[in-house]
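Q: I should like to take a close look at one part of a protein model and to see how that part fits into the whole chain. Please give a connected account that a first-year student can follow.

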Amino acid sequence: MKNQYTFTIYAENQVQLFQKITLIFSRKKINIESFNFSSCEVDPISRFTILITETYEIVQNLVPQIEKIIEVYKCFCNTNEEIVWKQIALFKVPTATIYEENLNSFLKKPNITAVSIERNYTVFQATGNEEEINDLVIKLSDFNLIEFAKSPRIALIKKSEGFAREISARERDKEEHFI
C-alpha cells in the first residue's frame with residue numbers, strides 16, 4: 001500500500017546536488033510531489049524536504065542511496081504521523097467579493113490573514129495541510145478566485161533533537177577516536 005513519505009536531507013549547498021537527488025527518484029520512476037530547499041539551523045548546511053507517495057518496500061532503500069551522495073550529511077524518511085508539517089498559500093480574490101457575508105465570515109478563521117488589500121483585488125494568506133489548502137481553493141472558486149499559489153511542504157521531525165546537536169555529537173565522537 002502506498003503512503004506519503006517526507007524525506008529530510010541535510011547537505012552541502014552544491015549546484016549538482018539537486019540533480020543527484022532527483023536522479024535517485026527518477027531512476028525508480030518515483031514522482032516527487034513536493035520539493036523544498038531552505039537553510040537550516042547549521043550554517044552553511046542546507047535542508048531539502050521532499051514529499052513522495054510510495055510503498056514502504058521501495059522507500060526503505062532510498063535513504064541509504066541518498067546518504068551515499070558525498071555532499072549529503074544525513075537523510076531522514078518519515079511518515080505524516082512522525083512530522084509536523086504545513087504549507088502556505090496565497091489567494092487573490094476580487095475585493096468586492098470580500099464584503100459578501102459568506103466569504104467575510106469564512107475569512108475570519110485564525111489560519112487566514114489579509115496580506116494586501118487593493119482596489120481591484122485582495123490577497124489572503126492561509127496556512128494548513130494539503131487538504132485544507134485544496135478545500136480553500138474550492139470554496140474561494142465560488143467567490144471568483146483570480147489566482148492562487150502554494151508553497152511546497154515544510155516539515156520538522158517530531159522526535160528529532162535537531163541537526164545541530166547531531167553534528168556536535170558526531171564531532172565529539174570523532175575527537176574521542178583520536179585521543
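How many salt bridges does the structure hold? Please describe those that can be followed residue by residue, and set them against the rest of the chain.

A: The model is a predicted one, and the structure holds 4 salt bridges. Three of them are described here.

The setting comes before the details. The chain has 6 helices and 9 strands. Its radius of gyration is 20 Å, well over the 16 Å that the globule rule gives for 179 residues, so the chain is more spread out than a compact globule. The C-alpha trace spans about 70 × 35 × 30 Å along its principal axes. Of the 179 residues, 36% count as buried. Among the contacts with a separation of 6 or more, 76% are made by residues 24 or more positions apart. The salt bridges can be read against this background.

One of them joins Lys 20 to Glu 71, and the closest N and O atoms of this pair are 3.0 Å apart. Lys 20 belongs to helix α1, which covers residues 17-27, while Glu 71 sits in the loop between α3 (62-67) and β4 (72-79), so the bridge ties together parts that are 51 residues apart in sequence. The two partners differ in their exposure. Lys 20 has a relative accessibility of 35% and counts as partly exposed. Glu 71 has a relative accessible area of 13% and is buried, because buried means under 20%.

Another salt bridge is formed by Lys 92 and Glu 147, with 3.3 Å between the closest N and O atoms. This pair also links distant parts of the chain: Lys 92 is in strand β5 (residues 83-94) and Glu 147 is in strand β8 (residues 147-150), 55 residues apart. Here Lys 92 is partly exposed, at a relative accessible area of 22%. Glu 147 is partly exposed as well, with a value of 45%.

Strand β8 appears again in the salt bridge between Glu 130 and Lys 150, where the closest N and O atoms are 2.6 Å apart. Glu 130 lies in helix α5 (residues 130-141) and Lys 150 in strand β8, so this bridge ties together parts that are 20 residues apart in sequence. Glu 130 is partly exposed, its relative accessible area being 29%. Lys 150 is also partly exposed, at 33%.

The individual pairs belong to a wider set of charges. The chain carries 22 positive and 25 negative charges, and the mean positions of the two sets are 2 Å apart. The accessible surface of the chain comes to about 11300 Å², and carbon and sulfur atoms account for 52% of it.

Two threonines offer a view of buried positions. Thr 49 is placed in strand β3 (residues 46-55). With a relative accessibility of 3%, Thr 49 counts as buried. Apart from residues up to four places away in sequence, Thr 49 touches Thr 6, Phe 7, Ser 34, Phe 35, Asn 36, Arg 153 and Ala 155. Thr 8, for its part, is found in strand β1 (residues 2-11). Thr 8 is buried too, at a relative accessible area of 1%. Once neighbours within four places in sequence are set aside, the contacts of Thr 8 are Arg 47, Phe 48, Lys 74, Cys 75, Phe 76 and Ile 157.

Certain loops also have backbone features that deserve notice. Pro 44 is in the loop between β2 (32-39) and β3, and the peptide bond leading to it from Asp 43 is cis, with omega near 10 degrees. Lys 29 lies in the loop between α1 and β2. Its phi is near 60 degrees, a positive value in a residue other than glycine. Lys 29 counts as exposed, with 77% relative accessibility. Asn 144 occupies the loop between α5 and β8, and although it is not a glycine, Asn 144 has a positive phi of about 60 degrees.

To return to the request, the bridges can be placed by the elements they join. The pair Lys 20 and Glu 71 connects helix α1 with the loop between α3 and β4. Lys 92 and Glu 147 connect strands β5 and β8, and Glu 130 and Lys 150 connect helix α5 with strand β8.

Conventions: Residues numbered from 1 in each chain as written. Predicted model: local features only at pLDDT ≥ 70, side-chain atom pairs only at ≥ 80, totals over all residues. Heavy atoms only, no water. Helix = DSSP H or I, 4+ residues; strand = E, 2+ residues; numbered from the N terminus. Rg over C-alpha atoms; globule rule 2.2 N^0.38 Å. Buried < 20%, exposed > 50% of the residue type's maximum accessible area, 1.4 Å probe, protein only. Contact = heavy atoms within 4.5 Å. Areas by Shrake-Rupley, 256 points an atom, 1.4 Å probe, with all protein chains shown as cover. Lys, Arg positive; Asp, Glu negative; His and termini not counted. Charge placed at Lys NZ, Arg CZ, Asp CG, Glu CD. Salt bridge = Lys/Arg side-chain N within 4 Å of Asp/Glu carboxyl O.
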